[in-house]
Amino acid sequence: MKKFSFRSLGVLLAFLVHGLQAQVTFPINDVANPRAGYYAFVHATVVKDAKTTLQNATLIVKQGRIEAVGTSVAIPKDAVVIECKGKFIYPSFVDAFSDYGMEAVTASNYSYRAPSQMLSNTKGPFSWNQALKSEVEHAKHFAVNEAKAKELRKLGFGAVSTLQPDGISRGTSALVSLAKDRENMVILKEKTAAHFSFEKGSSTQDYPGSLMGSVALLRQNFLDAQWYKSKPAQEGLNLSLDRFNQNAGLPQIFAVTDKWNVLRADKIGDEFGVQYIIKGSGEEYQRIDEMKATKAAFILPLAFPQTIDVEDPTDMRFVNVAELKHWELAPTNPAAFEKANISFALTANGLKDVNSFMPNLRKAIQYGLSEQKALEALTATPAQLLGVSDLVGSLDPGKVANFFIASGPVFAEKSAIIENWVQGNGYAVQSDLWTNLAGTYQINLGSPAKLVIQGEPGSYKASLIASDTTQVDLTQKEQLVNLGYASKADKSQRVRLTGSFDGSSISGTGQLASGNWISWKAVRSEAAKSDSIQVKTNKPEAVGDVVYPFNGFGQKTIAKQENLLIQHATVWTNEKQGVLKDADVLVKAGKIVQVGKGLKDPSARIVDGTGKHVTAGIIDEHSHVGATGGINECTQSVTAEVRIADVIDPDDVDIYRQLSGGVTASHILHGSCNVIGGQTQLLKFRWGQNAEALKFANWDPFIKFALGENVKRSWNTSNPRFPDTRMGVEQVLTDAFTRARDYEKQGPGKRIDLELETLLEILNKKRFITCHSYVQSEINSILKVADKFGFTVNTLTHILEGYKVADKMKAHGANASTFADWWNYKMEVLDAIPQNAAIMQAVGVNVAINSDDAEMARRLNQEAAKSIKYAGMSEEDALKMVTLNPAKMLHVADRVGSIAPGKDADLVIWSDHPLSIYAKSEKTIVDGTVVFDRAEDVKLQEALKVEKQRLIQKMIASKKGGAPTRPSAPSVKKQNMCEEDHNHDKSLWERIASRFIDEDHINE
Amino acid sequence: MKKLLIPIFCFLGLSLMAQETMHPSPAQAKKIVITGATLHIGNGQVISNGTVSIDKGKLTILSTAPAISAEVEHIDATGKHIYPGVIAPNTNLGLVEVSSTKSTVDFDELGEMNPNIRSIVAYNTDSKVINTLRTNGVLLAQIVPQGGLISGSSTVVQLDAWNWEDAAYALDNGVHMTFPALINRPNGGGGRRGGDSDAVKAGLERIETARVFFREAKAYLNEKSHAAVNLKFEATKGLFDRSKSLYVHCDLVKEMLTAIDFAKEFNFKLVIAGGTDSWMIADILAANQVAVILHEPHALPAAEDDAVDQPYKTGAQLQKAGVLFTICQDSGDGYTQIRNLPFLAGTMAAYGLTREEALSAITLNPAKILGIADRTGSLENGKDANIVICQGDLLDMKSSVVTHAFIQGRAVDLNNKHTQLYNRYKYKYNL
């Protein structure tokens, strides 16, 4: 048994391709050249899996599989032996989320201004929706891409689960190796997982046009698939549904783009009995408790935000502290998962530059991730998540021979991968590293001298020591070596030598300064003592705090409920006792306990209310803050299935801004671009809490309807969406409720339709309407439609011509929620008048003043006061329009809207008369928790300034340290607008959008 | 019987004052004396129980009430407040009726260099919006064109006129520029769209074209006669002799610094309109005597990390630094909201200004900035009688009810489309 010399390995590698097959199954243009693919890797440190490391071990590989591994394994005679002394062998990494070998996704250039595409463009017996593509088996579309494979092998990967990440239901991924071979051989498993997302990708179809639409579509798809199992004749053959059902046994992977989408995906899974594996966004550390509660396993990216060029302070003031904090904290994400004991795999997916994979991984380790966990997350965990542990993920006999040979522990800074073996074939990565020249040599160049070579391959330092010391330039390509140094005789002349290294000596020829040739030999007397390479075990990097919510006004700990005793204030009770002077309010366990004079409670914190006014928290009947992913599902005229509840954004700074204006609860509505919009959500602004905790518990559900210019899309002449007139609007309504009634009559086994189920709730008085409406004709019409179907339109919102039909509204039993004084910006508000609220109220309608505007919401008390000015309304009645009246119309007046014992402690302490322009909220209290405090806010501002400055200085240091930077750009959250055409966004960016060259709008 | 009469009376009243029959008032005939009111002079001064006399459209402030004769119209304003008429700078009032309906939009002209475009020629004195402003005490407005880099010339109008010639109060006395944004485009809506191109460089290059324009205009104006008349250059004349101001519409620090340099090169009188971030360079603005027409304070903070009340307190910060400033309603459908200008001032008073400073910010300050302070903006002898009598605090909607308004001594009809529709439906519901 002759030991195979490493020198020949490079040659071997070149011949290995297609060497595995015992029997050739395809024609070859040569004589047969069968190979056994039998190798023994000896004397290596074999890291079998993250938990098992074998010293001086042997790994036997045959026919692309691992045959044996251990410390006392007999070396087969017919195996090629590869000496791996000092080297480390690891199972090659497994990427559970890759698009290797797939075509790039073509982005859809969907525009809501373009003509509608109501149905899928995909030809064939598939889903009606172009983004539902469960039928796609990505193994069929896989093509080996050696250039990409090489990139990934370089990083240590041997197998990836791959698909084209396109659409909402994306089909099945395949496990492929990164071998250079025919696809037939490279695909290790045809189907590894079924994939999902909220993004419609290349779909050119309109629906869904929002995140909440994506959620609804996924839910409906589950129901449809269930129904399809009964082979309904109405559906015929639907391969999308069929394959969705077939794929149910596979791991289900859901890819998300932000942390809250994790919870959204998981919630859908919970509803339909599926535990998704989440492909995360990298922000999960910001809500690690919520992540843990999903019980999901995660696939985490290692893409970290780039350093920003922070040199211009006037630009940087527009970059959120949240963005800076994420830059700092993103590398802590994997460590946060480890600490929380959540199962996770790591992926190279999402890296702009794949070469940043190992540096970023090392960074994650530096930020607290253990090496063992890192390795597990790249080997056993992804294999287990994909159900392919029998194939990959460790170095156990029988598994695919995917492993790499490294010069040291793989995560150590100085380590490098020498070769990556995939399916039993070796691929050079840095084969120079096989040859370590370092050591002391005896060399004879006319006279004896010492040649000392120090350092690592690629960065040697060499010198020639005789009577004096001469620096030597050394270059190496595998075993070939060139030396160059100054001639002793004439320093300006160089001696140049060429030689070959055989493992213990270098010998060859060279040319002296004179031009004469000389033979030479350098014999290594002593190999360099290699410092054993270690991973840096520095203290974890010091970083800032995660704050809740994750923005400039978040805090390390969320504000807590207190017992409070507000004393000596003017208390606007909204109850029979009216306005109480010099009165006290006692709050315990989130409830108002007592209102009166001279109250005492030792458990309560005293709040001096002298000179202040206390009112119930302001309730905004019509708002669009705190929601994300689009407030409108515009794509169809009836979208009752979509729910604002699915898209609550607890990080929205506008929630805090609302609190600064005394708003404690807001009704978050779908927009108004279609007749039957989406289900709404009443929130309580429990600042810092997650979406579920922000929701107003146990309230009657509502839905948004809309009439008039927006729903008929008056501004858009090219869109064919029905209806185009108010005549058509009335028919959309009539048709929808007729369909719902007919649906109700259908027997068991019917297809559950989320849209019709929702409409039925309205008919059955379990869900209530708030309807965007302006002119008297349309108001009258919807009341008649409701009368015909036997339900009441709960609320007419905007209702700027309500004063014209207030008597009819009263007779019907509708509430009114309106603006104080908006008018004339479009045709249907020409007759809007600031006395509208007062007239409706005088006629006997319950009236609220709403905002529909994140800025104005902060002044709703003053908006209400305009009815005093324009129509002489009483002060108490005016205040009720933004407190008790909206509570009534939202069916929550039993809990909020007035100051009475037993009610929720949602209170505002005002600096001045609450209807005055000079009034400021000094404290805003929700459920007995002070969620906004004007004095604390000043401190928060100061802390924000300090934190931001710290991060900016850190970025400067990062840039000076050589980190690449990107130019700064303002972080902007688009204001959600109710309407598509009437843009009352008062943000700076919207106002100056047209001042940007080449672009009309910052966002569509 | 009584019940029956009231509706009939209302109905008659209604038909008499339908908007189409409302008309500007004739010139002041009789001398008017208003007594007993608290006078808010507009310069910070307050006189309680003061007397205002109006003769031939001009004001006199009297220390003691004169004898009231039959030739004099006497208004007892005991318990009420008198203010200078509010001035609304930087509006497109009368240039647009319904902003979503393009055929009614007349403020945004095509072209890059349009100093020759004059807003006044398109100003519609019959816009339904105008009367609603007077009802809240807004009596004068600056009518501003938009579009291009040099947008055109503005005129100050009084709000009680038959036609634009009647309305003109200070004709063509401002030239407006809209600076490009000197900041990278924001990252909007999830996708990274900003930071890819150098927006600052592109913006500066565009501004440079305006410098070239004005350099050429200056040279052109040095010579009186020309073979070919350049209307655009001719329209810039007043800028060079400082009879007109240059209004640069911009908001961010780099834009304002650039505007200051721009104005210096040509020795223009500079006013910044917008000025969202003016509080950051208030000292520089004060040192350069640059006035600011502040974007409406009822706005969300420009930056997410800004104090939640930053736009409310910007005025106080400018005041403290000694910057001459006023406020406007310039966003989106701002023209329909100009009647809220006094309440915007009220908000600034809640956030750092005194109430009288806040009043100045919408009366005397805009008069100074618009170059009409010699005629209006305060209750001072000899000025035009552009005044408002209010039952309560003009700046606070809780008590503000304007009972009288005078423009150049003419008693203004305080009805408007809204009061008329209100009456119509009070009739319907018997309220």
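This passage describes the two domains of chain B and then a sheet in chain A, both taken from a predicted model.

In chain B, the domain assignment yields two parts. Domain 1 is assembled from two separate stretches, 23–85 and 377–414, while domain 2 covers residues 86–376. Taken over C-alpha atoms, the centres of domain 1 and domain 2 of chain B are separated by 29 Å. Where the two meet, 29 residues of domain 1 of chain B are in contact with 33 residues of domain 2 of chain B. On the domain 1 side of this contact, β5 (81–84), β14 (387–390) and β15 (402–407) of chain B each contribute at least two residues. The largest share is that of β15(B), with three residues. By character, the residues on this side of domain 1 of chain B comprise 14 nonpolar, 11 polar and four charged ones.

Turning to chain A, we find an open sheet of eight strands with mixed pairing. Reading across this sheet, the order is β6-β7-β8-β9-β10-β11-β12-β14 in chain A. Its edges are formed by β6 (93–98) and β14 (344–347) of chain A, each of which pairs on one side only. With direction ignored, neighbouring strands of the sheet are turned by 30 degrees against each other on average.

A closer look at one pair is helpful here. Strands of a sheet pair through backbone hydrogen bonds, either parallel or antiparallel. Strand β11 (residues 277–279) and strand β12 (residues 298–301) of chain A run parallel and are joined by two bridges. Opposite A:Lys279 stands A:Ile299, a residue in β12(A).

Note on methods. Residues numbered from 1 in each chain as written. Chains lettered and ligands numbered in written order. Predicted model: local features only at pLDDT ≥ 70, side-chain atom pairs only at ≥ 80, totals over all residues. Domains from an automatic or database assignment. Contact = placed C-beta atoms within 7 Å. Helix = DSSP H or I, 4+ residues; strand = E, 2+ residues; numbered from the N terminus. Nonpolar A, V, L, I, M, F, W, Y, C, P; charged D, E, K, R; others polar. Pairing = 2+ DSSP bridges. Axes fitted to C-alpha atoms, helices over the stretch in contact; angles between N-to-C directions.
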